[in-house]
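Colleague: I would like a close look at a single part of this chain, with enough of the surroundings to place it properly. Could you take me through it step by step?

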Amino acid sequence: MGCEPILLDSAPLDQAQAERVVARFRAERDEAYKELLDRCDDFEAEISKEVATDHYSFAEIEENDLDLKKLKAWFEKIQRLDSTV
């Protein structure tokens, strides 16, 4: 696309600024974890509904498996970002 990346190295002016930056990253991770937990609650509710109605078609199980894999991948992504702070 005709772009050229430029990398800059930066450092906080003092410890208070460094702590603010870390706090902001942690707050963003907290929000991501909360959103993930909400989606996990939705997933669990869907599974409970299917169990209650005895709805175990192959297509449903396959869809549930795909949804679970997505949730796990999302969790791993958040964890990777979280471990860099």
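What follows is one request about a residue and one connected reply.

Colleague: Where is Phe75 found, and is Phe75 buried or exposed, or something in between?

Modeller: Please keep in mind throughout that this is a predicted model. Phe75 lies in helix 2, the element that covers residues 58-83, and the chain as a whole has 2 helices and 0 strands. Because the radius of gyration is 20 Å, well over the 12 Å that the globule rule gives for 85 residues, the chain is more spread out than a compact globule; its C-alpha trace spans about 60 × 40 × 15 Å along the principal axes. Within that setting, Phe75 has a relative accessible area of 34%, and because buried means under 20% and exposed means over 50%, Phe75 counts as partly exposed. For the chain overall, buried residues make up 12% of the 85 residues, while the accessible surface comes to about 7500 Å², with 56% of it belonging to carbon and sulfur atoms. To give Phe75 a reference point, take Ile61, which is 14 residues away along the chain: the C-alpha atoms of the two residues are separated by 21 Å.

Turning to the other helix, Asp42 is found in helix 1, residues 15-52, and Asp42 joins Asp38, Asp41 and Glu44 in forming a negative surface patch. As for charge over the whole chain, there are 12 positive and 22 negative charges, and their mean positions are 4 Å apart.

Notes
Residues are numbered from 1 along each chain as its sequence is written. This is a predicted model: local features need pLDDT of at least 70, side-chain atom pairs count only at pLDDT 80 or more; totals for chains, interfaces and linings use all residues. Side-chain values use heavy atoms; hydrogens and water are left out. Helices (H or I, at least four residues) and strands (E, at least two) are DSSP runs, numbered from the N terminus. The radius of gyration is taken over C-alpha atoms; the globule rule is 2.2 Å times the number of residues to the power 0.38. Buried means under 20% relative accessible area, exposed over 50%, partly exposed in between (1.4 Å probe, protein chains only). Accessible areas come from the Shrake-Rupley method with a 1.4 Å probe; for residues, only the protein chains shown count as cover. Lys and Arg count as positive and Asp and Glu as negative; His and the chain ends are not counted. The place of a charge is taken as NZ of Lys, CZ of Arg, CG of Asp or CD of Glu. Patches are made of residues with over 30% relative accessible area and no salt bridge: like charges are joined within 9 Å, nonpolar side chains (Val, Leu, Ile, Met, Phe, Trp, Tyr) within 5 Å. A salt bridge is a side-chain nitrogen of Lys or Arg within 4 Å of a carboxyl oxygen of Asp or Glu.
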